[in-house]
Amino acid sequence: MKSKFSRRKFSTTKTKTYPGPFGEQPIFHSLPSRLILIVFCLLLFLNISEIAIAAQPDEPLVEVSGLDSTIIIDMRYASEDNFVKVQLYPVARCLLRKSVAERLVRVQKRLQALGYGVKVWDAYRPLSVQKKMWEILPDPRYVAPPERGSRHNRGAAVDVTLVDSLGHDVEMPTEFDDFSRKAAPTYPHVSETAKKNRQILIDAMEAEGFKGISSEWWHYDAPRYRQYPILDEPLDRVETDSGYKIKN
Ligand SMILES: [Zn+2]
């Protein structure tokens, strides 16, 4: 005859049970556990789908004006007309990852159909420039710390404003790199014209998958921008359309 102790010992090797509504059931037969299992499988599936359509991290940088010459380029950091009042870019080149640039071209087509266009203030920014910016203004409210890197360093973020069909500036809530509350894309106390123009830009950018941020109406990130590595290729050395390969 087996002792109580040995029976108890034996029972610990059995499948764990759960006191469900239909009596003792194996743990994964209980309703909450099944739900957890379903949610887990769903998350796993979504994650796999996300990876399947993920951005190509080695996507080359391309010249935006090479894809669409109607997009106006006004690289502010290639001049002293910026918040640090120092020329940070040696050349006024507007570079973006290929699929991001193509996305921006589609935004331009949408805006042109409405009698507008896009003007770019900033796009790919080498990490070395980010470091220089940080040296001039080491304040994370205005400049992303270089150890974290800016989304612009990935070639997957762009600063844009709206222009009319002739390429002239239209009224917007603020100037570029205005760090006041007025720069928030939801800030309500701006003129009706500025509000309308801001919305036209938001609608066109979002329609092509770009996502804005809460503090700057001009800044947009491409979908899955984090998957692109941070780059430090100097702007005057990036070769495009001629077999340039990014060296990570
Ligand atoms: Zn930006």
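## Helix H4

Let's start with helix H4, residues 98–113, in this predicted model. At 1.5 Å a residue, its 16 residues should span 22 Å, and the C-alpha atoms at its ends are 23 Å apart, which agrees. Which residues of H4 are buried? They are Val100, Ala101, Arg103, Leu104, Val107, Gln108 and Leu111. Looking down the axis of H4, you'd find these buried residues within an arc of 155 degrees, so they line one face of the helix. There's a handy rule behind patterns like this: an α-helix has 3.6 residues a turn, so residues three or four places apart point the same way.

So what covers the buried residues of H4? The cover includes strand S3 (61–63), helix H3 (64–67), strand S5 (95–97), strand S6 (116–122), strand S7 (157–164) and helix H6 (192–207). Just after H4 comes Gly115, with a positive phi of about 85 degrees.

## Helix H6

Helix H6 turns up in that cover, and its length can be checked in the same style. For its 16 residues, 1.5 Å a residue gives an expected span of 22 Å, and the end C-alpha atoms of H6 are 22 Å apart, which agrees. The buried residues here are Asn197, Arg198, Leu201, Ala204 and Met205. They take up an arc of only 130 degrees around the axis, which puts them on the same side of H6. Glu192, Lys196 and Ala207, on the other side of H6, are exposed.

The buried residues of H6 are covered by elements including H4, S7, strand S8 (211–212) and strand S9 (219–221). After H6 the chain reaches Gly209, whose phi is positive, near 95 degrees.

## A closer look at Ile200

Ile200 also sits in helix H6. Is Ile200 buried, exposed or partly exposed? With 17 other C-beta atoms within 10 Å, Ile200 counts as partly exposed; the buried class needs 20 or more.

Leaving out residues up to four places away in sequence, Ile200 touches Leu114, Tyr116 and Leu162. Leu114 is 86 residues from Ile200 along the chain, yet their C-alpha atoms are separated by 9.0 Å.

## The sheet beneath the helices

Five strands make an open sheet, and if you walk across it the order is S4-S6-S7-S9-S8, with mixed pairing. Strand S4 (72–73) and S8 stand at the edges with a single partner strand each, so one side of each has no neighbour in the sheet. H4 packs on the sheet, where it touches S6 and S7, and its direction makes about 145 degrees with that of S6. H6 lies across S6, S7, S8 and S9, and runs at about 130 degrees to S7.

How are S7 and S9 joined? Three bridges do the job, and the two strands run antiparallel. Val158 has Tyr220 in S9 as its bridge partner.

## The nonpolar core

The largest nonpolar core has 43 residues, and Leu96, Leu104 and Val120 are the ones with the most contacts inside it. S3, S5, H4, S6, H5, S7 and H6 each give two or more residues to this core. More broadly, nonpolar side chains tend to be buried together in soluble globular proteins.

Val120 shows what such a spot looks like. Setting aside neighbours within four places in sequence, Val120 is in contact with Val64, Ile71, Ile73, Asp74, Cys94, Val158, Asp159 and Val160.

## Arg125 and helix H5

Arg125 lies in the loop between S6 and helix H5 (127–136). Is Arg125 buried or exposed? Arg125 counts as buried, because 27 C-beta neighbours lie inside 10 Å. If residues up to four places away in sequence are left out, Arg125 touches Gln130, Ser150, His152 and Asn153. Leu95 is 30 residues from Arg125 along the chain, with 8.5 Å between their C-alpha atoms.

Gln130 is also one of the buried residues of H5, together with Val129 and Met133. Their arc around the axis is only 105 degrees, which puts them on the same side of H5.

## The whole chain

Stepping back, the chain has six helices and nine strands. Of its 248 residues, 27% count as buried. Among contacts with a separation of 6 or more, 67% are between residues 24 or more positions apart.

Methods. Residues are numbered from 1 along each chain as its sequence is written. This is a predicted model: local features need pLDDT of at least 70, side-chain atom pairs count only at pLDDT 80 or more; totals for chains, interfaces and linings use all residues. Helices (H or I, at least four residues) and strands (E, at least two) are DSSP runs, numbered from the N terminus. The expected span of a helix is 1.5 Å times one less than its number of residues. A residue is buried if 20 or more other C-beta atoms lie within 10 Å of its own, exposed if 12 or fewer, and partly exposed in between; C-beta atoms are placed from the backbone. The arc is that of the directions from the helix axis to the C-beta atoms. Two residues are in contact if their C-beta atoms, placed from the backbone, lie within 7 Å. A nonpolar core is a set of buried Ala, Val, Leu, Ile, Met, Phe, Trp, Tyr and Cys residues joined through C-beta atoms within 7 Å. Two strands pair if DSSP finds at least two bridges between them. Axes are lines fitted to C-alpha atoms, for helices over the stretch in contact, and angles run from 0 to 180 degrees between N-to-C directions.
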